[in-house]
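Hi everyone, thanks for making time for this. Please have the sequence and the model open, and let's walk through them together.

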Amino acid sequence: MRLRFSLRDKVRHLLFVGLLLLAGINVDGAIYYSRVATGNFANVSTWSTSPTGTPANNTALTNTDVFIIQSGHTITVAANQTVASITVNSGGQLTIGSNTFTVTGTTMVSGTILIASNTSVKTFTGLVTINAGGTWTSTAATTASRVVFKGGITTNSANVFSAAGATFNSNNQDFSGTGSFNFQDITVNGVTLTNNETLTVGTSLSGTGRLENASSGVLNIGGTITVSTLTATATGNTVNYSGGNQTGISTIYNNLTISGTNTKTFATTPTVTGTLSMEGTASIVVTTGAVTYGSNATLQYNKATNYTA
C-alpha cells in the first residue's frame, strides 16, 4: 500500500516537471511542495520534495527552486524571496506581505494569491495565469510601482482579477483569457500592453508606453488617461469613458462610449468608425473641431432623459 502511494506521487512529480519543461521553464533547482496548513515561506521545513509532505525539507532554499502550494495550505511570504516559478493549487493560498517577492518564471494560480501590503516590490517576470476558480487580490498595493508585470496576465476565472496599482514594462504583454480585470492605477512604460478582455481602470492609466485595445477588448476608464499612445481602431473594440469630468485622448475609436456624469473633453477631433454611445448624464465637448464619424458609424443615445448635443 505504501509503495503504491509512493509510485503515484513519483508519477505526479514527473508529470509536473514535464509541464514546466513544456512551458519553457528550466528546472535548475528543486521542486518543493507545501506540507503545512499554515507556514512561513522562508522556513525550509514548510516544504518537502514530495507532495506527501514526507520527509520535511532541511536544505536551504535557492532562487532557482520551484514551489507548489497545495490544497488546504496557506503560505506567507515574510522575508525577501526570489523563486523560479510558483504554483498555487485549488484550495491553497499564497499571502505576500511587506517584503520583496520576485518570480523569474511563470505564476500559475488555481487557488488564491493575496498581496497584502503596499511596501516593497513584487515582480512577476513570466506569464501570470489565473485558472478557473483562481483568485488574485492585490488591492492593498496602491502604488503602481509596487507590483510589476513583465510577461502579461491570462485569467480564465469567473473571479475578477482585482488589483490596485500595477506597472507593465520590459516586454510587450497581453491581458487575455475569458475573465475580466479591475485595476485602480496602471502604468505602461516603454512597451505595448494589449487588452483582449474587459479591463476597468478606476483612477489612472499612464506611462510612456502604448495601450492597444484588441477587437474583443473593452476598456473602461473611470479617471485620467495619459498613456503615451492609445490604439483603439480594431473592429469590435470599445473604449468607455465612465467617470465624471474627464479628458479623453483624441484618436480613432471603433466604438466610443461616453457614460457616467459630467463632461468628457477632447482637445481635438476624435474619430468614431463604429458606434458613439451617449449614456448616463455625460456629455462630450471637443475644444477644437467636432467628432468625426466614419462612413458606417452610428450615433446612439442611451439616456433616461432628453439630450441636446
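Let's start with one residue, Leu-127, which is found in the loop between β12 (122-124) and β13 (128-130). A quick word on those names: strands are DSSP runs of E with at least two residues, helices are runs of H or I with at least four, and both are numbered from the N terminus.

Before going on, a note on what you are looking at: this is a predicted model, where local features need pLDDT of at least 70 and side-chain atom pairs count only at pLDDT 80 or more, while totals for chains, interfaces and linings use all residues. Residues are numbered from 1 along each chain as its sequence is written, and side-chain values use heavy atoms, with hydrogens and water left out.

Back to our loop: is Leu-127 buried or exposed? With a relative accessible area of 35%, Leu-127 is partly exposed. That class sits between buried, under 20% relative accessible area, and exposed, over 50%, using a 1.4 Å probe and protein chains only. The C-alpha atoms of Leu-127 and Thr-106 are 5.1 Å from each other, although 21 residues separate the two along the chain. Leaving out residues up to four places away in sequence, Leu-127 touches Thr-106, Thr-107, Gly-151, Gly-152, Ile-153 and Thr-154. Contact here means heavy atoms within 4.5 Å.

Now find Thr-167, in strand β18 (residues 165-168). Thr-167 counts as buried because its relative accessibility is 8%. Setting aside neighbours within four places in sequence, its contacts are Ala-144, Ser-145, Val-147, Val-148, Phe-149 and Thr-187.

Phe-149 brings us to the rings. How many aromatic pairs does the structure hold? There are 21 of them. Rings of Phe, Tyr and Trp (its six-membered ring) pair if their centres lie within 6.5 Å; planes under 30 degrees apart are stacked, over 60 edge-to-face, and the rest tilted. Phe-149 and Phe-168 are stacked, because their ring centres are 5.2 Å apart and their planes meet at 20°. Phe-149 lies in strand β15 (residues 147-149) and Phe-168 in β18, so this pair ties together parts that are 19 residues apart in sequence. Both Phe-149 and Phe-168 are buried.

For an edge-to-face pair, look at Tyr-253 and Phe-266, at 6.4 Å centre to centre with 85° between the planes. Tyr-253 sits in strand β29 (residues 252-253) and Phe-266 in strand β31, 13 residues apart, so the pair links distant parts of the chain. Tyr-253 and Phe-266 are both buried.

Strand β31 also belongs to a sheet. In general, strands of a sheet pair through backbone hydrogen bonds, either parallel or antiparallel. This one is an open sheet of three strands, ordered β28-β31-β34, with parallel pairing. Why do β28 (246-247) and β34 (283-286) count as edges? Each has a single partner strand, so one side of each has no neighbour in the sheet. Two strands pair if DSSP finds at least two bridges between them, and β28 has two bridges to β31 (residues 263-266). In one of these bridges, Gln-246 has Lys-264 in β31 as its partner.

Finally, let's zoom out. The protein has one helix and 36 strands, and its C-alpha trace spans about 75 × 35 × 35 Å along the principal axes. Of its 309 residues, 47% count as buried. Thanks for listening!
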